[in-house]
Amino acid sequence: MADSGKETQNEKRQLDSSGEADLRSVLVTSVLNLDRLDTDLYRGTHHWIPRTKRLFGGQIVGQALVAAAKSVSENVYAHSLHCYFVRAGDPSVPVLYQVERIRDGRSFCVRSVKAIQHGQPILICQASFHMLQPSPLEHQFIMPNVPQPDSLLTIEELIQRYLSDPNLADNARQGLNKLLADEVPIEIKPINPPDFYRRTAMEPKKLFWVRARGHIGKGDMKLHCCVAAYVSDYFLLGTALLPYPKYRAQFSASLDHAMWFHSTFRADEWMLYECESPWAGGSRGFIQGRMWRQDGVLAVSCAQEGLMRVKAVSQSKL
Ligand SMILES: CCC(=O)SCCNC(=O)CCNC(=O)[C@H](O)C(C)(C)COP(=O)(O)OP(=O)(O)OC[C@H]1O[C@@H](n2cnc3c(N)ncnc32)[C@H](O)[C@@H]1OP(=O)(O)O
């Protein structure tokens, strides 16, 4: 990315909030900082573990992309990845990432990465890297017109608002306190306040401003793509459940995840994440996502299918 020489919005935020120069994102210092065990073999550890007690899919995809990116030359950048989550990740042991160098061409490099636990693959990922190749053919959709992040509350501030209601039911208070205690390394500002209790059927569309918690810096574009891979999986599957308040997920998990990286971006600066689910059926939901830079450039597209095994909520709990 072009170096403007100015203090960016995010750098200013770090200086303002801490008074110190740098609060590095845990995504960079820990989650995506893999140990090298051998040539094309890496080990990743965990940070945030979802309440399902299986590893977060975004963590596995982000780490797989880190491993793939370590095996390509400096002049190529991830343009797409395609993954299947084939087994649940076990939070009690680290994940090994084994990279296979499929092909190095003149302008593209393709890598295959297997994420392994207990000797078995939990994720298979193909990632392709492309050198910068300018072209006169350029178009993109227009970014949705939404309020800017400065005018919106974070998810934590919204939860605090709900918690300050003295009439809030005990089970709702417990649920919101659990959400607040989650150490997800992503900052989130929903465009519309979320319906935490899922009382009303909603159109399967959601818009959030998102960014990595903490500072990453201009740094390496490859790293920003890995952080975006982590962030991208957090929001998608829930979108497909929005029209169904009368059902609760008994078992939901992402089955596959694909991403396309279109433009340079910084994952520690606000990006608008637009998620929509055009289809659900057969216990599966299909969701598409688009990440927009604040200046309206389309940076990333994603697609995912998720398993959604549900049960009807009893009338008394609605
Ligand atoms: C934010 C979203 C995320 O981060 S999700 C995390 C990333 N994604 C994942 O962890 C998914 C990993 N993949 C998997 O776990 C498997 O591929 C899944 C999706 C479960 C598919 O596996 P499947 O072929 O059903 O495996 P399995 O036979 O081992 O069964 C797993 C559990 O599901 C049950 N199951 C199976 N079929 C049915 C069915 N038709 N109806 C109801 N239940 C079914 C099995 O009994 C089994 O349950 P249990 O684990 O024994 O309790």
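**Exercise 1. Gly-44.** Decide whether Gly-44 is buried or exposed in this predicted model, and place the residue in its surroundings.

*Solution.*
Step 1. Take the relative accessible area of Gly-44, which is 0%.
Step 2. Apply the cut-off: buried means under 20%. Gly-44 is therefore buried.
Step 3. Find the element. Gly-44 belongs to strand β2.
Step 4. List the contacts, leaving out residues up to four places away in sequence. Gly-44 touches Leu-34, Gln-63, Pro-94, Val-95 and Tyr-97.
Step 5. Check a separation. Leu-123 lies 79 residues from Gly-44 in sequence, and the two C-alpha atoms are 13 Å apart.

**Exercise 2. Confidence.** State how far the prediction can be read by its own scores, and find where pLDDT stays under 50.

*Solution.*
Step 1. Start with the chain. Its mean pLDDT is 91, and 92% of residues reach 70 or more.
Step 2. Add the global scores: ipTM is 0.93 and pTM is 0.92.
Step 3. Locate the weak stretch. Over residues 1–21 pLDDT stays under 50. The model has 38 contacts beyond four places in sequence for these residues.

**Exercise 3. The sheet.** Work out the strand order, and explain which strands stand at the edges.

*Solution.*
Step 1. Write the order. Twelve strands make an open sheet: β1-β2-β4-β5-β6-β3-β9-β12-β11-β10-β8-β7. Pairing is antiparallel.
Step 2. Read off the ends. β1 (35–38) and β7 (186–190) each have a single partner strand, so one side of each has no neighbour in the sheet.
Step 3. Add the twist. From one strand to the next it averages 30°.
Step 4. Place a helix on the strands. Helix α3 (residues 57–69) lies across β2, β3, β4, β5, β6 and β9. Its angle to β6 (120–131) is about 50°.

**Exercise 4. Around β10.** Identify the pairings of β10 with β8 and β11, residue by residue where possible.

*Solution.*
Step 1. Take β8 first. Residues 205–212 form β8, residues 271–281 form β10, and the two pair antiparallel over six bridges.
Step 2. Match residues. Lys-205 is opposite Glu-276 of β10. Trp-209 is opposite Leu-272 of β10.
Step 3. Turn to β11. Nine bridges join β10 and β11, again antiparallel. Here Trp-279 is opposite Phe-286 of β11.
Step 4. Inspect the hairpin. Two residues lie between β10 and β11, and Gly-282 takes a positive phi near 55°.
Step 5. Look for charges. Lys-205, Glu-274, Glu-276 and Arg-290 are linked in a network of salt bridges.

**Exercise 5. Salt bridges.** Find how many salt bridges the model holds, then classify the burial of Arg-111, Asp-268, Arg-266 and Arg-284.

*Solution.*
Step 1. Recall the principle. Side chains of opposite charge can pair when their charged atoms come close.
Step 2. Set the cut-off: a side-chain nitrogen of Lys or Arg within 4 Å of a carboxyl oxygen of Asp or Glu. The count is 13.
Step 3. Take Arg-111 and Asp-104. Their salt bridge has an N to O distance of 2.7 Å. Arg-111 has 0% relative accessibility, so this residue counts as buried.
Step 4. Take Asp-268 and Arg-266. Their N to O distance is 2.9 Å. Asp-268 is buried at 0%. Arg-266 is buried at 4%.
Step 5. Take Arg-284 and Glu-305. Their closest N and O atoms are 2.9 Å apart. This pair links distant parts of the chain: Arg-284 is in β11 (residues 284–293), Glu-305 is in β12 (residues 298–312), and 21 residues separate them.
Step 6. Classify Arg-284. Its relative accessible area is 33%, so Arg-284 is partly exposed.

**Exercise 6. Annotated spans.** Map the domains listed by UniProt onto the model, and give the make-up of each span.

*Solution.*
Step 1. Take the N-terminal entry. UniProt (unreviewed entry) places "domain: Acyl-CoA thioesterase-like N-terminal HotDog" at residues 47–130.
Step 2. Characterise residues 47–130. The span is 15% helix and 49% strand, with its end C-alpha atoms 30 Å apart.
Step 3. Take the C-terminal entry. UniProt (unreviewed entry) lists "domain: Acyl-CoA thioesterase-like C-terminal" for residues 191–308.
Step 4. Characterise residues 191–308. The span is 15% helix and 47% strand, with its end C-alpha atoms 25 Å apart.

Technical notes:
Residues numbered from 1 in each chain as written. Predicted model: local features only at pLDDT ≥ 70, side-chain atom pairs only at ≥ 80, totals over all residues. Heavy atoms only, no water. UniProt positions renumbered as here; feature names shortened; annotations may be inferred. Helix = DSSP H or I, 4+ residues; strand = E, 2+ residues; numbered from the N terminus. pLDDT = per-residue confidence, 0-100. Contact = heavy atoms within 4.5 Å. Pairing = 2+ DSSP bridges. Axes fitted to C-alpha atoms, helices over the stretch in contact; angles between N-to-C directions. Buried < 20%, exposed > 50% of the residue type's maximum accessible area, 1.4 Å probe, protein only.
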